[in-house]
Amino acid sequence: LSLIKTKELIEKSSLFIGNDSGPMHIAAFVGTPTIGLMGPNLPEISGPVGENTAYIYKSFNCSPCNQRICHYNYRCIKSITVDEVFQKATELWEKNY
């Protein structure tokens with residue numbers, strides 16, 4: 001999709017869940033409730049910004065690394081569980097709807 005079409009689709013969404021990416025920032029910018037799944041970057045620097053946003057971040061002794069190559073098999077992002085995402089989504093949903 002083009003950036004305009006991506007924005008339009010996200011804007012119509014009730015909830016956005018995604019990794020630290022352009023679409024995550026678009027979702028936060030347009031006010032769609034957004035959950036950022038943060039990997040090696042600090043959420044305070046690159047997480048979603050806004051009232052309707054949240055993030056899940058796991059810190060390890062190697063965090064933050066901001067590296068494209070990981071000697072630990074990307075455990076920071078892979079350690080985020082479905083249950084944690086569901087819980088955070090439920091909290092954000094209840095806050096907004």
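I take buried to mean under 20% relative accessible area, exposed over 50%, and partly exposed in between. I note at the outset that the model is predicted.

**Entry 1: the loop between β3 and α4**

I began with Tyr-74, which sits in the loop between β3 and α4. Its relative accessible area is 31%, so I class Tyr-74 as partly exposed. The phi angle of Tyr-74 is near 55°, a positive value in a residue other than glycine.

I then looked at Asn-73, which is also placed in the loop between β3 and α4. Asn-73 is not a glycine, yet it has a positive phi of about 60°. With a relative accessible area of 51%, Asn-73 is exposed.

Which peptide bond is cis? I recorded the one from Ser-63 to Pro-64, with omega near -15°. Pro-64 belongs to the loop between β3 and α4.

**Entry 2: Cys-76**

I moved on to Cys-76, which lies in helix α4, residues 75-78. Is Cys-76 buried or exposed? Its relative accessibility is 9%, so I count Cys-76 as buried.

I listed the contacts of Cys-76, leaving aside neighbours within four places in sequence, and found Met-38, Gly-39, Pro-40, Lys-58 and Phe-60. For Gly-39 I also noted the C-alpha separation from Cys-76, which is 5.3 Å, although the two residues are 37 residues apart along the chain.

**Entry 3: strand β2**

I examined two residues of this strand, starting with Gly-36, which lies in β2. Gly-36 has a relative accessible area of 0% and is therefore buried. Not counting residues up to four places away in sequence, Gly-36 touches Gly-18, Met-24, Pro-48, Ala-54, Tyr-55 and Ile-56. I also looked up the pair Gly-36 and Lys-5: they are 31 residues apart in sequence, and their C-alpha atoms are 21 Å apart in space.

Leu-37 is likewise in strand β2. At 18% relative accessibility, Leu-37 counts as buried, the cut-off being under 20%. What does Leu-37 touch, beyond residues up to four places away in sequence? I found Ile-17, Gly-18, Asn-19, Asp-20, Ile-56, Ile-77, Ile-80 and Val-85. From Leu-37 to Ser-79 the C-alpha distance is 10 Å, with their positions 42 residues apart in sequence.

**Entry 4: helix α5**

Val-85, listed above among the contacts of Leu-37, led me to helix α5, residues 82-96. This helix has 15 residues and reaches 21 Å from its first C-alpha to its last, close to the 21 Å expected at 1.5 Å a residue.

Which residues of α5 are buried? I noted Val-85, Ala-89 and Leu-92. They cover an arc of only 70° around the axis, so they fall on the same side of α5. I then checked the face turned away from that buried side, and there I found the exposed residues Asp-83, Phe-86, Glu-94 and Lys-95. The cover over the buried residues of α5 includes β1 (16-19), β2 (34-38) and β3 (53-57).

**Entry 5: helices α1 and α2**

I describe two packed helices by the angle between their axes and the distance between the axes. For helix α1 (residues 3-11) and helix α2 (residues 22-30), the axes come within 9 Å and cross at roughly 55°. That angle makes α1 oblique to α2. The crossing of α1 past α2 is right-handed. On the α1 side, the contact is made by Leu-3, Thr-6, Lys-7, Ile-10 and Glu-11, and on the α2 side by Pro-23, Ile-26, Ala-27 and Val-30.

I singled out Thr-6, which is found in α1. Thr-6 has a relative accessible area of 16% and is therefore buried. Not counting residues up to four places away in sequence, Thr-6 touches Leu-1 and Ile-26.

In α2, I recorded Met-24, Ile-26, Ala-27 and Ala-28 as buried. What covers the buried residues of α2 includes α1, β1, β2, α3 (43-46) and β3. Just after α2, I noted that Gly-31 takes a positive phi of about 90°.

How values were computed:
Residues numbered from 1 in each chain as written. Predicted model: local features only at pLDDT ≥ 70, side-chain atom pairs only at ≥ 80, totals over all residues. Heavy atoms only, no water. Helix = DSSP H or I, 4+ residues; strand = E, 2+ residues; numbered from the N terminus. Expected span 1.5 Å × (residues − 1). Buried < 20%, exposed > 50% of the residue type's maximum accessible area, 1.4 Å probe, protein only. Arc of directions from axis to C-beta. Contact = heavy atoms within 4.5 Å. Axes fitted to C-alpha atoms, helices over the stretch in contact; angles between N-to-C directions. Parallel < 35°, antiparallel > 145°, perpendicular 65-115°, else oblique. Left-handed = near helix turned anticlockwise from the far one by under 90°.
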